[in-house]
Amino acid sequence: MRAFAVLGIALAITGAVLATSASPALADTFYGTVTHVSSGNIKVKDANGKEVSFLLAPSFDKIFSDDGKTTYQMKDVKPGRHVKIVYHQQLGVRYCDQIIFTGH
């Protein structure tokens, strides 16, 4: 009986550790003007002059208008375009989740 109690406690602790370590990365946003775009990377400079780089997945296709009613292709993302980047960061690397064209 005691062995089952110890096993149950060990399983509960292991489950709690795995649940907290496997939590997804939180999304964040960055606003600015596109300065560079390639098949695997986009760089955006904000109003203060800070340039940030984001990695793009090979099949990335989540490009939208500000109101969300229109979708675009990667060929529409060009330097000089004002965008909002929705991204997540893992192990110090920023991954682009969405590109949203803004009217600014």
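Strands here are DSSP runs of E, at least two residues long, numbered from the N terminus. Keep that in mind for the tour, and remember that the model you have open is predicted.

**Stop 1: the hairpin.** Select L91. This residue belongs to the hairpin of β5 and β6, where two residues lie between the strands, and its phi is positive, near 50°. Now widen the selection to residues 82-90, which is β5, and add β6, residues 93-101. The two run antiparallel, joined by eight bridges. For one facing pair, pick Q89: across from this residue, in β6, is R94.

**Stop 2: H88.** Stay in β5 and click on H88. Buried or exposed? H88 counts as buried because its relative accessible area is 18%, and the cut-off is under 20%. Next, show side chains and bring up D97. Its side chain makes a polar contact with that of H88, at 2.8 Å.

**Stop 3: the other partner of β6.** Keep β6 on screen and add β4, residues 63-65. How do β4 and β6 run relative to each other? They are parallel, with three bridges between them. Zoom in on I63 to see one pairing: its bridge partner in β6 is I99.

**Stop 4: colour by confidence.** Mean pLDDT for the chain is 84, with 75% of the residues at 70 or more. Then select residues 14-23: here pLDDT is below 50, and apart from near neighbours in sequence the stretch has zero contacts in the model. Where pLDDT is low, predicted coordinates shouldn't be read in detail.

Terms used. Residues are numbered from 1 along each chain as its sequence is written. This is a predicted model: local features need pLDDT of at least 70, side-chain atom pairs count only at pLDDT 80 or more; totals for chains, interfaces and linings use all residues. Side-chain values use heavy atoms; hydrogens and water are left out. Helices (H or I, at least four residues) and strands (E, at least two) are DSSP runs, numbered from the N terminus. Buried means under 20% relative accessible area, exposed over 50%, partly exposed in between (1.4 Å probe, protein chains only). A polar contact is a pair of N or O atoms within 3.5 Å; within protein, one must be able to donate a hydrogen and the other to accept it, and residues adjacent in sequence count only if both atoms are side-chain atoms. Two strands pair if DSSP finds at least two bridges between them. pLDDT is the predictor's confidence in each residue, from 0 to 100. Contact means heavy atoms within 4.5 Å.
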